[in-house]
Structures are given as C-alpha cells and as structure tokens.
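Here is my note on the model you sent. Please read it with the structure open beside you.

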Amino acid sequence: MDTDHKNTPMTPAIALRDVQFAWPGQSAPVLDIPDFSLAPGERLFLYGPSGAGKTSLLNLLAGIVLPQRGEVTLLGQSMAALSGRQRDRFRARHIGVVFQQFNLIPYLTVLANVCLAAHFARRTPEDGTPATPSDVRNHARELLCALGLPLEIAEQPASNLSVGQQQRVAVARALITRPEILLADEPSSALDSDHRDAFMEVMLRQVAETGSTLIFVSHDRSLATAFDHQQDLRELSRVSVGEEL
Ligand SMILES: Nc1ncnc2c1ncn2[C@@H]1O[C@H](COP(=O)(O)OP(=O)(O)OP(=O)(O)O)[C@@H](O)[C@H]1O
C-alpha cells in the first residue's frame with residue numbers, strides 16, 4: 001500500500017532499474033533504461049527529439065503504465081507492487097502531472113478543475129496543504145493569479161479558455177497539492193514569453209519551497225539553465241530498434 005512505502009533521506013525520489021517498456025501491440029521497446037535516479041529536490045530538464053519517448057517515460061513515472069521488465073520506484077514505493085487503483089491514489093497524493101493535452105474536465109469551472117486535484121489528494125494541514133475547501137479555493141485563486149490568469153476566468157468552464165490559458169490551469173492543478181514529484185510535459189509550449197517567464201518563476205518557487213523533485217520536458221533549451229541538470233533522453237535510454245521484449 002501507498003502508506004507502507006519507506007522514505008528515508010537516502011531514498012531516491014525516482015529510481016528506474018533495468019526498465020524496458022513497449023506500448024501495447026508493439027514488440028520493440030520505446031524505452032530501455034538501465035539505471036536512472038533523482039534525489040529528492042533535484043530538478044531535471046529532459047529533452048530529446050520528437051518520438052524519443054519523453055512522454056512515454058513520464059507515463060511510466062506517473063504509474064499510468066508499467067514496464068514489461070525492470071522496476072520503477074517512486075519515494076521508495078515500487079509501482080509494480082500497487083494495483084491500478086492504488087497507483088491512481090499514489091499519483092493523486094504524491095505526484096503532480098502536467099500532461100501535454102492538459103486533461104482538464106471541460107464542463108467544470110477553472111476553479112473546480114484545480115480544486116478537484118486537492119480533493120483527490122486529500123492532504124492534511126500537516127502535509128503542508130490547506131485542508132478546508134475555502135482555503136483550497138483561495139490557494140487555487142492565488143496560483144491562477146500568479147500564473148497571469150484574470151480572476152473572472154476562475155468561474156468559467158475550462159472549455160471556454162484559450163490553449164495557453166488551459167495550459168496554465170493544468171499547471172495550477174498540478175501545483176495545488178504541493179506534490180513531492182512534479183512531472184511536466186512541455187508545460188510552457190503554448191505560452192508567450194511574458195507568461196512563460198511568470199510560469200517558470202511560479203513553478204520553480206513552489207518547487208523550491210516544497211522541496212519537490214521535478215522532471216521538466218521541453219524542446220525549449222533556453223529554459224534549461226534554471227535546472228540542476230539537463231539530460232538528453234537518447235543518452236539515458238539505449239533502445240535497439242526491432243528488439244523483441
Ligand atoms: N499511447 C500510446 N500508444 C501507443 N504508442 C504510443 C503511445 N504514446 C506514444 N506512443 C509511441 O511511442 C513513441 C514515443 O512517443 P512519445 O510521445 O513518448 O515521444 P516524445 O519524445 O514525447 O515525443 P514529442 O516530443 O513529439 O512529444 C512514438 O513512436 C509513439 O508513436
């Protein structure tokens with residue numbers, strides 16, 4: 001169970017060992033990663049050409065898919081040891097994910113989309129996340145405002161928003177739970193330079209305050225200087241084209 005996972009100061013936030021992953025129906029792995037780990041609080045900028053498997057890797061780390069071989073361990077918890085439902089719960093409580101497609105619920109208001117993540121995480125004040133609904137709403141409004149979204153937008157359905165606005169709502173939704181691990185897949189791709197700078201400041205400030213471990217995927221290499229490390233996925237993953245699993 002999620003609550004059983006051991007998390008000592010020496011435990012990496014993220015650890016992959018001998019991981020091979022192929023999408024269903026494909027015999028060739030998209031990822032083959034012998035060894036990869038990040039310490040708590042490390043911030044990694046991940047890049048690589050389109051199709052290299054960056055999004056696939058984030059799906060593995062979020063526990064959305066499991067590898068055919070090897071082990072993915074987050075905060076000391078093996079993902080394979082959890083059922084699908086337990087992985088969903090683990091993700092809600094410990095991981096913030098900004099998906100490329102945002103995955104907002106279109107008919108819910110912006111505020112409801114952001115607050116729902118806090119509801120599913122069901123954190124207590126001791127975890128550092130406000131517990132009362134009105135505190136959560138205030139925190140959500142603060143995040144939306146810091147990300148440059150006008151306040152009146154909070155009460156509109158998410159489907160009314162521009163792509164760049166939806167992207168920032170998705171970022172607020174990932175940050176509101178103050179997750180130990182933040183996985184962001186091209187989270188600034190639809191933003192102009194002013195909004196991108198504001199977004200980077202908000203995200204990095206909260207990550208620093210919370211001590212979150214961050215993997216940030218982007219094609220914009222100019223952003224890499226804000227991170228502890230940058231990594232080309234092709235150097236991490238030794239995929240042999242045509243190899244059978
Ligand atoms: N849900 C899926 N089902 C089947 N195959 C998939 C799925 N998602 C990705 N793939 C395949 O896995 C490979 C890697 O795709 P992935 O999206 O991980 O690359 P990427 O590096 O994130 O690319 P981009 O920079 O364009 O976002 C591609 O060949 C893609 O077709």
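1. Helices and strands here are DSSP runs, a helix having at least four residues and a strand at least two, and they are numbered from the N terminus. With that in hand, start at A13, in the segment before β1 (14-21). Keep in mind that this is a predicted model.

2. Is A13 buried or exposed? Count its neighbours: 23 C-beta atoms lie inside 10 Å. The cut-off for a buried residue is 20 or more. A13 therefore counts as buried.

3. What does A13 touch? Leaving aside residues up to four places away in sequence, its contacts are L38, A39, P40, L74, L75, E180, I181 and T213. Look also at G76. It is 63 residues from A13 along the chain, yet the two C-alpha atoms are separated by 7.1 Å.

4. Next, the open sheet. Its 4 strands come in the order β2-β1-β4-β5, with antiparallel pairing. Which strands are at the edges? They are β2 (31-38) and β5 (77-78), each of which pairs on one side only.

5. Zoom in on one pair from that sheet. Strand β4 (residues 69-74) is joined to β5 by 2 bridges, in the antiparallel sense. Find T73 and you will see S78 of β5 opposite. Strands of a sheet pair through backbone hydrogen bonds, either parallel or antiparallel.

6. For the parallel kind, go to β3 (residues 43-47). This strand pairs with β8 (residues 213-217) over 4 bridges, in the parallel sense. β3 also runs parallel to β9 (residues 229-232), again with 4 bridges. L44 is a good residue to click on. It stands opposite I215 in β8 and opposite H229 in β9.

7. Now the ligand. Which residues are around the ligand? They are W23, V30, G48, S50, G51, A52, G53, K54, T55 and S56. By type, this shell holds 3 nonpolar, 6 polar and 1 charged.

8. Turn to helix α3 (110-121). Does its length make sense? The helix has 12 residues, so at 1.5 Å a residue it should span 16 Å. The end C-alpha atoms are 18 Å apart, which agrees. Its buried residues are V110, L111, N113, V114, C115, A117, A118 and A121. They pack against α2 (84-94), α4 and α5. After α3 comes R122, with a positive phi near 40°.

9. Try the same check on helix α4 (residues 133-146). Its 14 residues should span 20 Å at 1.5 Å a residue, and the end C-alpha atoms are 20 Å apart, so the two agree.

10. Which residues of α4 are buried? V136, H139, A140, L143 and L144 are. Look down the axis of α4: these buried residues fall within an arc of 135°, so they line one face of the helix. The spacing is worth a thought. An α-helix has 3.6 residues a turn, so residues three or four places apart point the same way.

11. What covers that buried face? The cover includes α3 (110-121) and α5 (163-175). On the other side of α4, S134 and N138 are exposed. Just after the helix, G148 takes a positive phi of about 85°.

How values were computed
Residues are numbered from 1 along each chain as its sequence is written. This is a predicted model: local features need pLDDT of at least 70, side-chain atom pairs count only at pLDDT 80 or more; totals for chains, interfaces and linings use all residues. The expected span of a helix is 1.5 Å times one less than its number of residues. A residue is buried if 20 or more other C-beta atoms lie within 10 Å of its own, exposed if 12 or fewer, and partly exposed in between; C-beta atoms are placed from the backbone. The arc is that of the directions from the helix axis to the C-beta atoms. Two residues are in contact if their C-beta atoms, placed from the backbone, lie within 7 Å. Two strands pair if DSSP finds at least two bridges between them. A residue is near a molecule or strand if its C-beta atom, placed from the backbone, lies within 6 Å of it. Ala, Val, Leu, Ile, Met, Phe, Trp, Tyr, Cys and Pro count as nonpolar, Asp, Glu, Lys and Arg as charged, and the others, Gly among them, as polar.
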